[in-house]
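Welcome! Here are a few short exercises to work through at your own pace. Have a look at the model first, then try each task before reading its solution.

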Amino acid sequence: MAFSKLHIVLFALLALVAMASTQPSASKSDLFREYIGAEFNNVKFSDVPINPNVEFHYILAFAIDYTTSSSSSPTNGKFNVFWDTDNLSPSQVSSIKNQHSNVKVALSLGGDSVNGGSCYFSPSSVDSWVSNAVSSLTNIIQEYHLDGIDIDYEHFHADPETFAECIGKLITTLKNNGVISFASIAPYDDDDIQSHYLALWKSYGHIIDYVNFQFYAYDKGTTVSQFMNYFQTQSSNYGGGSILASFISDGSGGLAPQNGFFTACNRLRNQEKLGGIFVWSADDSKALGFRYEKQSQALLAAHP
């Protein structure tokens, strides 16, 4: 009788442990991310202040599957580096990571434009694009000692399902191969954009770690209450995702830091909804002395 009771107790304990391991954790809110290198303003990793009490991700902008010639054309997944390599080189990636144990570095794919024209996601086929992308990105990621990728395509010569399969299979393969440890997406509120990213989320959301939603693509002069509503809408769209709040350094859109951005972030964190903060971009923030980067990280590092 005692033997069977012991088994019952052990079974109950194992069930509790299993339940605990499958429960979603509260949104991790000490993550700070910043895009860097797209505008060739000679900004260096070391220019940006790094608070040791946050998780800090630089995101190199951009790697693009286009030729590097002046009349760039799509290469069907064969990626080239388009960021400021003079100031953001492999040795400089290694140096900043060695100096700061809380720093990781990713690269972003696509972006809005390439050499003055729109940058299109333009695969020939799912299998050929994925094969080329895995090969070319693995080489870049290993050369630059990178940790993750971000998806920021904003123009498409492919339907949402093709985009979802290409990007989903790319992330899956890079993770399975141990090439990257995290992946993010960077959508914004536009019908064409959302149709592609929501198709990706529906099929592959379980392998996407962060949603860098471009809240600064909303109108300039966005209020705190509007921002909170936008955040709730996108949290519903990307259900279960870690949604980051965001601002743009040049103040051209969205809820600006001086107009209540940090008030909104504090409210979101108190509600355990804030996945972190990201900024576009270090290139523009350099002229401001990175004051809002410091403020963002101080907010994230302060535990409520």
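**Exercise 1.** Find the buried residues of helix H3, then check the length of this helix in the predicted model.

*Solution.* Start with burial: the buried residues of H3 are Trp 129, Val 130, Ala 133, Val 134, Ser 136, Leu 137, Thr 138, Ile 140, Ile 141 and Tyr 144. Next, take the length. H3 covers residues 126-144, which makes 19 residues, and at 1.5 Å a residue they should span 27 Å. The C-alpha atoms at its two ends are 26 Å apart, so the expectation and the model agree. Finally, step just past H3, where His 145 has a positive phi of about 60°.

**Exercise 2.** Which residues touch the most other members of the largest nonpolar core?

*Solution.* This core has 101 residues, and the three to pick out are Leu 107, Ile 149 and Tyr 153. Now follow one of them: leaving aside residues up to four places away in sequence, Ile 149 touches eleven residues' worth of neighbours that include Leu 107, Ile 141, Leu 170 and Phe 182. You have already met Ile 141 among the buried residues of H3.

**Exercise 3.** Is Ser 246 buried or exposed, and what does its side chain reach?

*Solution.* First locate Ser 246 in strand E12, residues 245-248. Its relative accessibility is 1%, under the 20% cut-off, so Ser 246 is buried. Then look at the polar atoms: the side chain of Ser 246 reaches the backbone oxygen of Phe 213 at 2.8 Å, and a polar atom of that side chain lies 3.0 Å from the backbone nitrogen of Phe 215. Beyond four places in sequence, the contacts of Ser 246 also include Phe 227, Phe 261 and Phe 278.

Methods. Residues numbered from 1 in each chain as written. Predicted model: local features only at pLDDT ≥ 70, side-chain atom pairs only at ≥ 80, totals over all residues. Heavy atoms only, no water. Core = buried A, V, L, I, M, F, W, Y, C linked by side-chain atoms within 4.5 Å. Buried < 20%, exposed > 50% of the residue type's maximum accessible area, 1.4 Å probe, protein only. Contact = heavy atoms within 4.5 Å. Helix = DSSP H or I, 4+ residues; strand = E, 2+ residues; numbered from the N terminus. Expected span 1.5 Å × (residues − 1). Polar contact = N/O pair within 3.5 Å; in protein donor to acceptor, adjacent residues only side chain to side chain.
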